[in-house]
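Me: I'd like a close look at just one thing here: whatever empty space sits inside this protein. Please walk me through what lines it and what packs around it.

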Amino acid sequence: MLPMTEPASKAESRPSDNFRRILWKRIWQHKIFYLFMIPGIVWFFIFSYVPLFGIQVAFRNYTFNGGFTGSPWAGLKYFRQFFDYYQSTEIIRNTIVISLMKLGIGFPMPIILAVLLNEVYRMKFKKVVQTLSYLPHFVSWVVVVTLMQRLLSVYGGPVNDLLASFGLERVQFLYNTAWFYQMIVGSDIWKNIGWNSIIYIAAIAGIDQQLYEAAKIDGASRFRQVWHVTLPGIRNIAVILFILAVGGLMSAGYEQLLLLNGPATARIGSVLDVHVITSGINEGRLSYAAAVGLFQSIIGLLMILTVNRIARKVSDISLF
């Protein structure tokens with residue numbers, strides 16, 4: 001007589017049941033950490049997922065009386081309206097140019113700062129430099145631009161007064177097409193370099209010190225240790241952050257460009273972020289602004305997917 005066996009469905013369900021049991025057991029063991037995650041999850045849900053309901057405004061003739069669901073459908077009307085706008089090509093070009101300059105010049109700077117700070121042995125000096133580099137991140141762009149206006153003013157500004165004392169001509173740094181990109185990229189780096197370097201400093205701190213000892217035994221200089229140990233040790237983090245940074249290629253920075261751009265630099269300083277805010281708030285064209293903002297988001301998503309796929313094929317490092 002053949003031994004009785006359990007049905008196949010029950011036998012197949014056992015691994016999944018065991019997995020669930022182990023999963024819930026581990027979650028319960030680390031319940032404190034999951035409790036700390038709840039505020040972040042709630043914040044992310046409220047401010048990132050709930051607003052997705054408003055995407056439909058880009059496809060409606062939005063009115064305050066009709067609201068999100070009562071306003072009539074407009075289809076792709078506002079997308080066509082943006083691409084038919086005589087300055088749309090110029091705005092998109094300016095956004096991409098400024099974003100590429102910030103990415104190409106600004107992205108390596110936190111890595112360089114983190115590596116340099118790692119080579120500093122005097123802890124007091126290291127802490128002072130770290131603190132001074134972090135502080136600008138917490139200063140609003142309104143304050144930063146005000147400081148720039150005071151420091152770089154043609155008459156009365158200490159920078160131009162110093163140039164004049166050496167017999168050099170005074171320079172109009174702000175609202176000047178010749179210096180516009182330098183001011184935009186330079187102020188962005190100054191404001192964010194310290195804050196962005198934190199994650200690289202943490203990654204360097206996690207590198208096994210035995211690798212440095214082995215490099216020393218092999219006769220590697222400090223530069224060789226940085227090149228063959230430090231940089232490979234933070235490569236994964238750098239690739240991930242680069243992929244995320246590429247997603248913001250269509251976002252050049254609203255507040256900074258709004259404050260540092262003027263009539264003289266409007267030809268090279270008008271970007272999508274400012275155009276969206278101006279159209280939506282100043283002009284009250286909410287559907288048009290939503291359409292342009294959705295266009296930005298779609299391009300950003302496509303850029304992340306593309307760069308992520310390239311990174312996965314080239315270096316086996318990717319977000320997903």
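**Empty space and what surrounds it**

Reply: Sorted by class, the residues lining the largest cavity are seven nonpolar, with no polar and no charged ones. Nonpolar here covers Ala, Val, Leu, Ile, Met, Phe, Trp, Tyr, Cys and Pro; Asp, Glu, Lys and Arg are charged, and the others, Gly among them, are polar. Bear in mind that this is a predicted model, where local features need pLDDT of at least 70 and side-chain atom pairs 80 or more, while totals for chains, interfaces and linings use all residues. Numbering runs from 1 along each chain as its sequence is written, and side-chain values use heavy atoms, with hydrogens and water left out.

The lining itself is F173, L174, Y175, F180, M183, I184 and L260. Helix α10, residues 180-205, contributes the most, with three residues (helices are DSSP runs of H or I, at least four residues, numbered from the N terminus). On a 1 Å grid over the protein atoms alone, a cavity is a set of points where a 1.4 Å probe fits but cannot get out; a pocket is an open set with protein on both sides within 12 Å along at least five of seven lines, and lining residues have an atom within 4 Å of a point. The count comes to one cavity of 30 Å³ or more, and the volume of the largest is about 30 Å³, taken as the space filled by probe spheres on the points, which are joined across faces, edges and corners.

Now for the open spaces. The largest pocket holds about 650 Å³. Among its 27 lining residues, K102, D188, N192, N196 and A245 are the closest to the centre. Helix α10 has the largest share here as well, at nine residues, and α5 (88-106), α6 (108-118), α13 (235-246) and α14 (254-260) are also among the elements that each supply at least two. This lining is mixed: 16 nonpolar, eight polar and three charged residues.

The second largest pocket comes to about 410 Å³. It has 13 lining residues, and S48, P51, L52, I55 and S297 lie nearest its centre. α2 (31-49) and α17 (286-315) are the elements giving two or more residues to it. By class, that makes nine nonpolar, four polar and no charged residues.

What about the packed parts? The largest nonpolar core has 28 residues, and I111, Y200, I204, I234 and I243 have the most contacts inside it. Such a core is a set of buried Ala, Val, Leu, Ile, Met, Phe, Trp, Tyr and Cys residues joined through side-chain atoms within 4.5 Å, with buried meaning under 20% relative accessible area, exposed over 50% and partly exposed in between (1.4 Å probe, protein chains only). Elements supplying at least two residues to this core include α11 (209-217), α12 (222-233) and α17, but the largest share, seven residues, is from α10. Take I204: beyond its neighbours within four places in sequence, it is in contact (heavy atoms within 4.5 Å) with A114, V115, N118, Y212, T230 and I234. There is also a second, separate core of 17 residues, including I98, L260, I268 and V274. So L260 is worth a click, because it belongs to that buried core and lines the largest cavity too.
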